[in-house]
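Let's take a walk through some charged side chains and see who pairs up with whom. Have the model open while you read.

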Amino acid sequence: MNKNILKWTNTHIFTQREAPADAEIPSHQLMMRSGFMKKLAPGIYTYSSLGLRAIRKFEKIIREELHKAGGIEILMPMVQPKELWMETNRWNEMGAGLLKFKNRNDHEFCLGATHEEAVVDFVRHDLKSYRDLPKNIYQIQTKYRDEIRPRFGLMRGREFIMKDAYTFDIDQAAALKSYDDMYKAYQRIFDRLGLQYRIVQADAGNIGGSQTHEFQLLAEAGEDALLVSDTTQFAANIEVCPAIDFETPAVSAEAAKPLEKFSTPNQKTIADLEKFTSIPAHQLVKTLFFSANDGMNVKDKELKPIVVLLRGSDEVNPIKLKNLLGLANPPMMLTDEEVKATTGASPGSCGPVGLKIPIYADNGIMHLKNYIVGANEDSFHLKNVNHDRDYKITKIADIRMAKEGDKCPESSGRLKAFRGIEVGHVFYLGKKYSEKMNGQFLDKNGKAQHYEMGCYGIGVTRTVQAAIEQSHDADGIIWPKPISPFHVHICHLDPKDAAATEYVNQVAMALAEKNIEVFIDDRDERPGVKFKDADLLGFPVRIVVGKKGFEADQIEVVARKNKEIFKLNKNQVIEKAQSLL
């Protein structure tokens, strides 16, 4: 049989009428029901032959576009020694997300969550001269991140396939040129999928670096909240989006009043206080307490408490706070016991007045005067509080979550909210890894320099599932043609009929010779079962061949995307399938 043709009876595909209980979003449900993957353990999946075809097709697109960008493909180990990660201190920084283990010789290793250390080790003894640069090295490899609660299938799995690329350049200008080249390669890759996506400003996280963009496929079930300008090309992940009031509040002209303590029994939240005082939340000040200790585990360290102040109607942005404090991970909130030890009061009755710890205030409170905060005494608050007079702010910054309706940072427009699935991420790293791992080359003057780096990731398996999340209906998957496992699905309703079978084989062979991939459902099943499975599997074009229609010279061709049905005579079918594709 031609390599572009596969019969159902020659494969191992078993569809399910119901999705497993732990499949929460449509794409996860459809990938399980269609038999494209099966769960082996939480967050770990086996891909079937059809699922693997979609993955390999996406990998082929990636390889073609990275080849145009000068990419050199290698393959690094999934198992990495502790010593490499200690050079960058990420053995500790990555926390419990890094799955660590010892071999029989008591040597410590981890499963590769990312490969910056490994790739620097691969090149650092080879890139000796400026003549050896630039380099663009990539791999498509399995990654493992020990998610605390894997969910949503391949969206937040533990084991997944990722493309990661790394560029090495002589200086910042060259590194930013490489960044731009890879940014454009990513645009070509995601343009070829034919799906809706946005490029957004993002946070670098544990990878590090000073410039970074995410490629986000738009989908209602997306984990990421995006804010997009209604007037410019500006788009950002909510984690880093600047928070600017659409109309800047005027600074209150009210004179400062004497500080006054008052009783607030059982008033523990902003909502309680809003009701109790009849003052709207945006005119109240919220006091939050965090630890400025770095690392995920701060139990063994001396606690460094800090105060964060913002309007009662706002939410703190942990990523902005992390960046403000210069931490590797978002800071942890203090426990109720730690708050009481710091302030003398339980959460809900705390405020900045009288505290001897750093106080960080969001821009949004700076126009307020004579406001209310906790008195650091249970069931009491202070009114007529004013910053500068009653307490000193350590630093004023944008530390709140931006929201829909806020001002676009680049224009007078407003921000609109979308949900997105992060499928690609590009980072300009600078010298973060080359300095820590002593990756040096000699420049034109014979002087040792650390090379500049960029790193670029695409979640291969995640993108395949994200494509389904964006493109499906109530009946099943609607594959975009570039990564559809097959292009044409022939429902052969009477596989025991010799004449109809011969016609099916002729059509399949004619399409295959035109490089159109054909999947033939030749099972001995009822037509209704075959039609339901065809909708579920979601290949772009369906051809229905039964004895009755064959003898009447009437063959059905169906476009999966819009369910449009064409009833044609036998010699029109191949041309119609081609035109629909």
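## Salt bridges across the chain

Glu64 counts as partly exposed because its relative accessibility is 27%. Keep in mind that you're looking at a predicted model. So which residue does the side chain of Glu64 meet in a salt bridge? The partner is Arg192, with 2.7 Å from N to O. These two come from distant parts of the chain: Glu64 sits in helix α2 (residues 49-68), while Arg192 belongs to helix α6 (residues 172-193), and 128 residues separate them. Arg192 is partly exposed too, since its relative accessibility comes to 33%.

That's one bridge out of a longer list, because the structure holds 47 salt bridges, counting each Lys or Arg side-chain nitrogen within 4 Å of an Asp or Glu carboxyl oxygen.

Now look at Arg156, which forms a salt bridge with Glu223. Their closest N and O atoms are 3.1 Å apart. Here it's loops that get linked: Arg156 is in the loop between β8 (135-144) and β9 (159-169), and Glu223 is in the loop between β11 (211-218) and β12 (224-229), 67 residues apart. Are these two buried or exposed? Arg156, at 26% relative accessibility, counts as partly exposed, and Glu223 is partly exposed with a relative accessible area of 25%.

A further pair is Lys570 and Asp553, whose side chains meet at 3.5 Å, N to O. Lys570 lies in the loop between β31 (565-568) and α15 (573-580), and Asp553 in the loop between α14 (547-551) and β30 (555-559); the two are 17 residues apart. Salt bridges that share partners also tie Lys60, Glu64, Glu65, Lys68, Arg188 and Arg192 into one network, so our opening pair has company.

Here are the three pairs side by side:

| Salt bridge | N to O distance |
|---|---|
| Glu64 and Arg192 | 2.7 Å |
| Arg156 and Glu223 | 3.1 Å |
| Lys570 and Asp553 | 3.5 Å |

As for the last pair's surroundings, Lys570 has 26% relative accessibility and counts as partly exposed, and Asp553 is partly exposed with a relative accessible area of 34%.

## A buried arginine

Let's finish with Arg90, which you'll find in helix α4 (residues 90-93). Why does Arg90 count as buried? Its relative accessibility is 1%, and the cut-off for buried is under 20%, so Arg90 falls on the buried side. The side chain of Arg90 makes a polar contact with the side chain of Tyr433, at 3.3 Å.

How values were computed
Residues are numbered from 1 along each chain as its sequence is written. This is a predicted model: local features need pLDDT of at least 70, side-chain atom pairs count only at pLDDT 80 or more; totals for chains, interfaces and linings use all residues. Side-chain values use heavy atoms; hydrogens and water are left out. Helices (H or I, at least four residues) and strands (E, at least two) are DSSP runs, numbered from the N terminus. Buried means under 20% relative accessible area, exposed over 50%, partly exposed in between (1.4 Å probe, protein chains only). A polar contact is a pair of N or O atoms within 3.5 Å; within protein, one must be able to donate a hydrogen and the other to accept it, and residues adjacent in sequence count only if both atoms are side-chain atoms.
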